[in-house]
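Let us walk through this protein step by step, beginning with one pair of side chains and then turning to the chain as a whole.

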Amino acid sequence: MRGGIAERGGVRVGHRIIEINSQSVVATPHEKIVQILSKAVGEIHMKTMPAAMYRLLTAQEQPLYI
């Protein structure tokens, strides 16, 4: 959500969360990620990447060469 707590913490619209507190969540369903975050206590450390790059790295898309 624009202006929400996640965005204020650095998570951008269009990015995928790939790690939460040093644990990979790359193959984790969205619902499970929400559950992990909702149960977290204290400081949360996340790594994110643009969704387009995530799709390329996980072979969901092929690169377009021009």
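With which residue does K47 form a salt bridge, and how far apart are the closest N and O atoms? In this model, which is predicted rather than determined by experiment, the partner of K47 is E19, and the closest N and O atoms of the two side chains lie 3.6 Å apart. The pair links distant parts of the chain, since K47 belongs to strand 3 (residues 46-50) and E19 to strand 1 (residues 15-20), with their positions 28 residues apart in the numbering. Side chains of opposite charge can pair in this way when their charged atoms come close. As for its surroundings, K47 is partly exposed, with a relative accessible area of 46%. The structure holds 1 salt bridge, although the protein has 8 positive and 5 negative side chains, two sets whose centres lie 2 Å apart.

The two strands just named belong to a wider arrangement, for the protein contains 3 helices and 3 strands, and when these are read along the sequence they follow the pattern α-β-β-α-β-α. The C-alpha trace spans about 45 × 25 × 20 Å along its principal axes. If we consider contacts between residues at least 6 apart in sequence, 54% of them join residues at least 24 apart.

We can next ask how much of the protein is covered and how much is exposed. Of its 66 residues, 15% count as buried, while the protein exposes about 5400 Å², of which carbon and sulfur atoms supply 58%.

The loop between strand 1 and strand 2 deserves a careful look, and N21 has its place there. Most residues other than glycine have a negative phi. N21, however, has a positive phi of about 45° although it is not a glycine, and N21 is partly exposed, with a relative accessible area of 40%. S22 lies in the loop between strand 1 and strand 2 as well, and S22 too has a positive phi, of about 65°, without being a glycine. With a relative accessibility of 69%, S22 counts as exposed.

Finally, how confident is the predictor in what we have been reading? The protein averages a pLDDT of 84, and 98% of the residues score at least 70. Among the elements, helix 1 (residues 5-8) has the lowest mean pLDDT, at 76, whereas strand 2 (residues 23-24) has the highest, at 92. Where pLDDT is low, the predicted coordinates should not be read in detail.

Methods:
Residues are numbered from 1 along each chain as its sequence is written. This is a predicted model: local features need pLDDT of at least 70, side-chain atom pairs count only at pLDDT 80 or more; totals for chains, interfaces and linings use all residues. Side-chain values use heavy atoms; hydrogens and water are left out. Helices (H or I, at least four residues) and strands (E, at least two) are DSSP runs, numbered from the N terminus. Buried means under 20% relative accessible area, exposed over 50%, partly exposed in between (1.4 Å probe, protein chains only). Contact means heavy atoms within 4.5 Å. Accessible areas come from the Shrake-Rupley method with a 1.4 Å probe; for residues, only the protein chains shown count as cover. Lys and Arg count as positive and Asp and Glu as negative; His and the chain ends are not counted. The place of a charge is taken as NZ of Lys, CZ of Arg, CG of Asp or CD of Glu. pLDDT is the predictor's confidence in each residue, from 0 to 100. A salt bridge is a side-chain nitrogen of Lys or Arg within 4 Å of a carboxyl oxygen of Asp or Glu.
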